[in-house]
Amino acid sequence: MNAISVENIRKEFALSSTGSPSYGTVKDLFAGAWNRKGEKRKFVALDDISFEVAPGQAMGLIGNNGAGKSTLLRIISRILRPTSGRVRLEGRVASLLEVGAGFHPELTGRENVFLSGSMMGMKRREIIGKMDQITDFAGIGSFFDQPVRFYSTGMYMRLAFAVAAHIDTEILLLDEVLAVGDAAFQQQCIERVRAVGRNGQSVILVSHNMTTLVQLCSDALLLDGGRMSYFGAASEAAARYLKIAEARQGERSYTEAGSAPQDRVVRLRSLRTRSREGATLAAISIADEFGIEIEFEVLEGGVALMPSVIIRNEWSAVLWTTDTSSEWHGRPRPAGRYKCVAWIPAHLLSAGTMRVSASIHSFHPWTVHLEANDIVLFHALECAGGARGQFAGYIGGGIRPLLDWSVEHDT
Amino acid sequence: MRVFDATGTPLIEELAEYRQYVDLFRFLTLRDIRLRYRQTLLGVAWAIVQPLLPMVIFAVIFSRFLRPETGGIPYPLYLLTGLTLWTVVASSILAGSTAFISNYSLLNKVYFPRAILPMATVAACAFDGLIAWAVAMAVTCYYGYFPSWWWFLLPAVALWIVVLATAATLLAASLTVAFRDMKNVIPFLVQIWMYSTPVLYPASLIPRPLRLLAGANPMAGPLEAFRACLFHSTPDWRVIAESGLSLVVLIAVAISVYRSVEAHLAERA
């Protein structure tokens, strides 16, 4: 008997003509009576998904953003209803799609623990039984009986994680929780997922962090554009995922006329992440040096153009903004093609999915010639021998430089 | 073993499921009650003020200009009894009609039987109603209408009101998901409903042909029964029976609208 069996799941979302999820107004109801033109377009988020998870098994769920991972988790946790196909579950399910779901700022920490816990399917008695563990884990002392709106962000997260870490159901669905938790919670989660075999619990884990995923999961399902691309050994799925990523990501070039971001003066030709040898890279080990290359064509010479590249991490935090070619500062550029590469040193980035934006400006007067946001995506992958050392848990911070430490020791 | 597919859970199974979520229902109700009275000056006294304030206003206006014939019952008392019941229904609908759309982030992150949200709002309003009810009973005694055996029927009236409020709120919340402008329409509908119900005036004021339709209003029955219990008048059993039937129809409509909306709640709310 399987803990989870998913059979031929298909999920369509209706899109209105504007492309947003559809909801009506009373006006539409009357308008629809004589105007059937506004036909709804459909978006297929998942198609023909089938897999099984045995009791005690941990399965990874891999795919690019928009591949359907969250939709699949929502269907298994019953938040969304499949368009066709079915899900069979054996045992209680807790889905951790968001930590702190159901928290209300005006309620005290204790009241929120009850509310949030019962939303995740815990009984009142279970929550009371675990209250001491939860308060210990949260470690927020006397604030526990204060309204949550007086909490610092850190305290809020600790309390939310404390509830989440004590859920005790047969089936646990985790969506990227390893990416946002603090170190203690990360460790707890990892321990928890490791313990599933012993307790006969089943876990589905979504993560962009292939290293952790391969460590924790025996099997993995790779989704690509809503379809099953691979289902089998986690290491194989991870390897294939990185290949998909390479095929799609790492480069954006504008070959067709009219599609490129441009103005009268300059047109963007391409943006990509590359190696010294010139190969486009979509996945980069954080232990390796790589380049970000911007190529543009100056259509009208004589303007002192300043191309710049912005890197954001997966929480949309700007890691840095860089002007790619300092020797051209304030120098009018003659017409022609330019290719500029900024070399990013090894051991600077932290692991995760990064997004690159390009823009070209000029001064006097300040002019934005073009701006293309998040056009290239690349994955910075965890590696051995970096600043991480032997530590396996979550490491905070937007970058993770390998620093030169000096240590003085007295006895 | 549980199975989820495109058709959703059968009604019987879904109803059975609510038993597992009694604790959540309780915490949501407590949340609503706590949030309403925390950091307010009057606190729980608001529960009494809510029907009392309109009573004073209507009593001043109507007893001056309209002088309604209430069969010997003091008009302010007549008003208070009507408003006590009506306030539970009206405030449930007004507070609960946005129960789904204002909890979108929750509905999209956690599964629980969705109707628990509006049900908890109704429960919190019913808690207020209970306080107001106690005050109304005291005022009734003050006017010289003392407890009788009829008072044993009052729990049935209370149950009727809670069931009615739940069905109407569930319907309002579901319609608000399907049509966003219902949020603006519902307050007007609630007003119209109040004026077409003998809350402010006696049923005898209704023109005879329209009076035949009184039973189509599921609110007419509990009002008639409530006043009969308190003022020892003879109830109009025909209106109560018809009104009960209307309630059954309302429940059926509310459940079927809710279930059709529930299928895509996390996508549309």
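**Exercise 1. Find the residue with a positive phi in the hairpin of strand 17 and strand 18 of chain A.**

Start with the strands, which are DSSP runs of E with at least two residues, numbered from the N terminus, just as helices are runs of H or I with at least four. Strand 17 (residues 352–362) and strand 18 (residues 367–381) pair antiparallel over ten bridges; pairing takes at least two DSSP bridges between two strands. Now look at the turn: four residues sit between the strands, and His364(A) has the positive phi, near 50 degrees. For a landmark in the ladder, Ala358(A) faces Ala372(A) of strand 18.

A quick word on the model. It is predicted, so local features need pLDDT of at least 70 and side-chain atom pairs count only at pLDDT 80 or more, while totals for chains, interfaces and linings use all residues. Residues are numbered from 1 along each chain as its sequence is written, with chains lettered from A and ligands numbered from 1 in the order in which they are written.

**Exercise 2. Which strand does strand 14 of chain A join, and in what sense?**

Go to residues 305–312: eight bridges link this strand 14 to strand 17, and the two run antiparallel. Then check one pair: Arg312(A) has Arg355(A) as its bridge partner in strand 17.

**Exercise 3. Work out how helix 3 of chain A is covered, and by what.**

Take residues 109–119 and count: nine of the eleven are buried, meaning 20 or more other C-beta atoms within 10 Å of their own (12 or fewer is exposed, in between is partly exposed; C-beta atoms are placed from the backbone). Among them are Phe114(A), Leu115(A) and Met119(A). Next, find the neighbours: the buried residues pack against helix 4 (124–138) and helix 5 (153–165) of chain A, plus helix 2 (22–37) of chain B. Just past the helix comes Gly121(A), with a positive phi near 100 degrees.

**Exercise 4. Where does the largest nonpolar core lie?**

A nonpolar core is a set of buried Ala, Val, Leu, Ile, Met, Phe, Trp, Tyr and Cys residues joined through C-beta atoms within 7 Å. The largest has 166 residues, and Leu205(A), Leu213(A), Ala220(A) and Val89(B) have the most contacts inside it. Helix 7 (residues 154–178) of chain B gives the most to this core, 13 residues. Domain 1 (4–23 + 38–246) and domain 2 (257–381) of chain A both contribute, so the core lies between them; the bounds come from an automatic or database domain assignment.

Definitions and conventions:
Contact = placed C-beta atoms within 7 Å.
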